[in-house]
Structure formats: structure tokens, C-alpha cells
Amino acid sequence: MKRSSIKKTFLGIVLVLMFFYSLHIIYKKIYINVSTETIMSVTLDDVIDCKSIVIRDEDVVTGENQKFLKYCVDNGERISKDDIIAKCFDSQENAIYSVELDNIKNELENSQKIGLNDNSSRNLDFISKEINSEIRNISLKYEYLDIYKNMKKITNLLNERQNMLGSGNILSKRIEYLKSRKSELEKMINFQTQNIFSPYAGYFVNKIDGYEKVLNFEDINKFEYNNLVYEEITKSKSDEKNTIGKIIKSTKWYLLCYIPAEEIYNIQENMEVSTKFACESDYIPTKVEKITKSKDSPNSLVILSCEYMDNKLCFTRFENVFIKKSSYFGFKIPKDSLQMFEDNGVVYKGIYVKNGANLMFKKIDIVYSGDNFVIAQSPESDNENNEKSLINGDMAVIRGKNLYDGKCVL
């Protein structure tokens, strides 16, 4: 009997202990335990992705029976009025030989300079670093012309390095070959060529797309949405013949951007925005010239102006662009962690973070609000107090009961 009574007593004690332990676990789970998420500082760009049309002040250059051309300027290169933009040859062979002759003259000049170099001004290690740098640059190039220029630089640097290593005999043989080939080409080429001069000053482009005169450049800011409908412009391509290229006469050009009406918030006329094309790796500076809304279309028209030009942008016409309205810097905080805290009758917005075994309330100023997060910064008054200001790695409480400043959590 005694043994049975002891067992029952022991079992009762165990059950009571388990009951209170369960209550403790439930209490801890509901009132003490909290779920957290680590916050970090970020930079968020407010960007619009939209379709666009590039409008420039450009005139087509034409010529009769200009079949075998050698261009004397690169695409996107700035030229003056009456500069030679191309030479016309009577045969394809003469045009090819002329290009080869120019390349040989250039290589010969560089090789002769290397041969005369006393090697006292440049270091061998420095030249090797230059070679490696140019090789890396090739992998970042997309245009044939850019790659070709890099390869020429590498060839010159390799010749210079070889000459410094005492292999001048190889360079001398190369110079002799270049001189011999130069003489051969000069005898083979018929130099009775016709020069083609630029009628204007501006940027030269050796191809046209048929949209050069689709809109009057001077009146672009006067048009309303109905004059600038995207679909109508794309159907207005003209068929030009005997074209040599075109001259972009003005440094300023326009970008017609078709943006959903609900996305043009925070965009105002005369404000500066950054714009990125697919062909460019970086944003370029642009200015909002005009905003036109349409009653019949879900899109609004934003006209941007720009004065930046290079050998890629000079070819763009219809392309999607990214418009950066603004950038926000701060801490990315889940909306689930936002709380209100009252101190001396004043209500503050902020978050609870785990500070060791306790909670600490940190005030925040929200600079941007997304769907399920905000970008926030510490108030200026708290920036001097490192303990109360937000820092990378703060563990923000996203779930918990009965939260208060100083609460012990395990």
C-alpha cells in the first residue's frame, strides 16, 4: 500500500510540474518570446521602366553613285562644317587598300617612335600593367570600333615591351615590312577620289533609320499628346536613297517617354532626373521639359531633354529606358515591425529591437514606404546617441505580445 501511495504521489507531483511548465512555455511563447528580423542599410532607387522615342535635330547626307566609301570619321565623332566625312573610290579594291594603308601608316608611326625610345622614361612593370588593363577593358566593350581601338593599344604596348626586353631586331623587321607594304599600296591605289564634305557642324553617324524627319525638332515642346502618339510615329518611317549618313546638328536632343499615368508622381517640369538606356551601363543626366496627359490613353507623355552624346546613343531611336526619379538611403524595415511608443504624452513611430536580453525602442523617420517595407532613418536628435540610433545588424521585432521598452526577452 505504501509503495502504491508513493507512486501516486510522485505521479501527481510530476503532472503538476508538467502543467506549470506548460503554462510557462505558453506564457513565454505568447508574452516573452519574440520573432526578429535583421535590418541593414540600403539605397533604393525609385525607377520607372517605360518605352521611349529619341528625337534629334538631324539632317541626312546624300550623294549620287557613292558605292565604294571609306569613312574618315567615327560614329558619334564631333565634326566641323566642311570637314571630310568620307572618300569615294572607283572600286571596292581601292577602298579596301586605302583602309589598309591608313592602318599601316599608323602602325609604322607608332613602331618608329618605340624604336627611337631610350627606355628611360617608362618602367617594364608599368607597361605590363597597362597591357593587362587593356585586355580587361576588351571584355567590357560591345562595339567593334571600341574593341579594335583596344587591340591597337595592346599591339603597341606589346611592341614597346618587346623592345625594352632587347628584342629590337624583331621590331626592326616589322618596320621594314610596313615600309615595303606601304610602298606597294601607294602604287596600287588610284588616288583620283572624290571627297565628301560635311554640310553642317555636329555629330556624324554613318547610318540612317528613316525617322530623322518624323517630327519637327524645333516644335517638339509645342506638340500635345495627340501629335506624339507612339504607334503613329513608328509608322512614319521614310525611305531615303543614296544616303551617306547623317549629321546630328544640335547637342541637345529629346526623349519622348510614355509612362503610365499612375507612375508620374514626384515628376515635375524643369526637374533633373537620371535616365539609363539598355545600350549604356550608367545613368545619364536629363531634364523634364514637359508633361502631357491624355484623356484617351492610360499613358502620360514626359518629354526629357539631354545634351550627352556618344557612339552608342547616336544610334538609338525606339528603346525602353529607366528613369530614376529619386534615391532613398536608410534602413530597410519590415512594416510588421512598426510600432507606436508614447513618452511624456508624445507618440513616436519606431521599432523595438533586441538589445541583449531586453527590448529597446528606437524612433524612426520614414523616407519611403513600399508594399511590405519602409526605408527609414533615425531622427537627427537620436543620431548623436549611438545607443538609440539605428545600426546595421539591429534585430527588429516583427512579432511579439505586450512589447515595451526594457522588456526582458529570452
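User: Let's start with S305. Which residue's side chain does the S305 side chain make a polar contact with?
Analyst: Keep in mind that this is a predicted model. S305 sits in strand β13, which covers residues 299–306. At 2.7 Å, its side chain makes a polar contact with the side chain of E289.

User: Is S305 buried or exposed?
Analyst: The relative accessible area of S305 comes out at 8%. Buried means under 20%, so S305 counts as buried.

User: What about N123, where is it?
Analyst: Look for helix α2 at 92–116 and helix α3 at 124–138. N123 lies in the loop between α2 and α3.

User: And is N123 buried, partly exposed or exposed?
Analyst: Its relative accessible area is 46%. Buried needs a value under 20% and exposed one over 50%, with partly exposed in between. That is why N123 is called partly exposed.

User: What separation do the C-alpha atoms of N123 and M164 have?
Analyst: Along the chain, N123 and M164 are 41 residues apart. In space, their C-alpha atoms are separated by 9.2 Å.

User: Which strands are at the edges of the open sheet β4-β6-β7?
Analyst: This sheet has 3 strands, paired antiparallel, in the order β4-β6-β7. An edge strand here pairs on one side only. That description fits β4 (68–71) and β7 (194–197).

User: By what angle are neighbouring strands of that sheet turned against each other on average?
Analyst: Direction is ignored for this value. Taken that way, the average turn between neighbouring strands is 30°.

User: Which residue in β7 is the bridge partner of A86?
Analyst: Strand β6 spans residues 84–89 and is joined to β7 by 4 bridges, with the two running antiparallel. In β7, A86 has as its bridge partner I196.

User: Moving on to β15 and β16, how many bridges do they pair over?
Analyst: β15 is residues 338–343 and β16 is residues 346–355. One of the bridges links M340 with K349 in β16. The antiparallel pairing runs over 6 bridges.

User: Which residue in the turn of the β15 and β16 hairpin has a positive phi?
Analyst: The hairpin leaves 2 residues between its strands. The positive phi, about 55°, belongs to N344.

User: Last one: what accessible area do L11, L15 and M18 have together?
Analyst: M18 is found in helix α1, residues 2–32. With L11 and L15, M18 forms a nonpolar patch on the surface. Together their accessible area is about 320 Å².

Key:
Residues numbered from 1 in each chain as written. Predicted model: local features only at pLDDT ≥ 70, side-chain atom pairs only at ≥ 80, totals over all residues. Heavy atoms only, no water. Pairing = 2+ DSSP bridges. Axes fitted to C-alpha atoms, helices over the stretch in contact; angles between N-to-C directions. Patch = residues over 30% accessible without salt bridge, like charges linked within 9 Å, V, L, I, M, F, W, Y side chains within 5 Å. Areas by Shrake-Rupley, 256 points an atom, 1.4 Å probe, with all protein chains shown as cover. Salt bridge = Lys/Arg side-chain N within 4 Å of Asp/Glu carboxyl O. Buried < 20%, exposed > 50% of the residue type's maximum accessible area, 1.4 Å probe, protein only. Polar contact = N/O pair within 3.5 Å; in protein donor to acceptor, adjacent residues only side chain to side chain.
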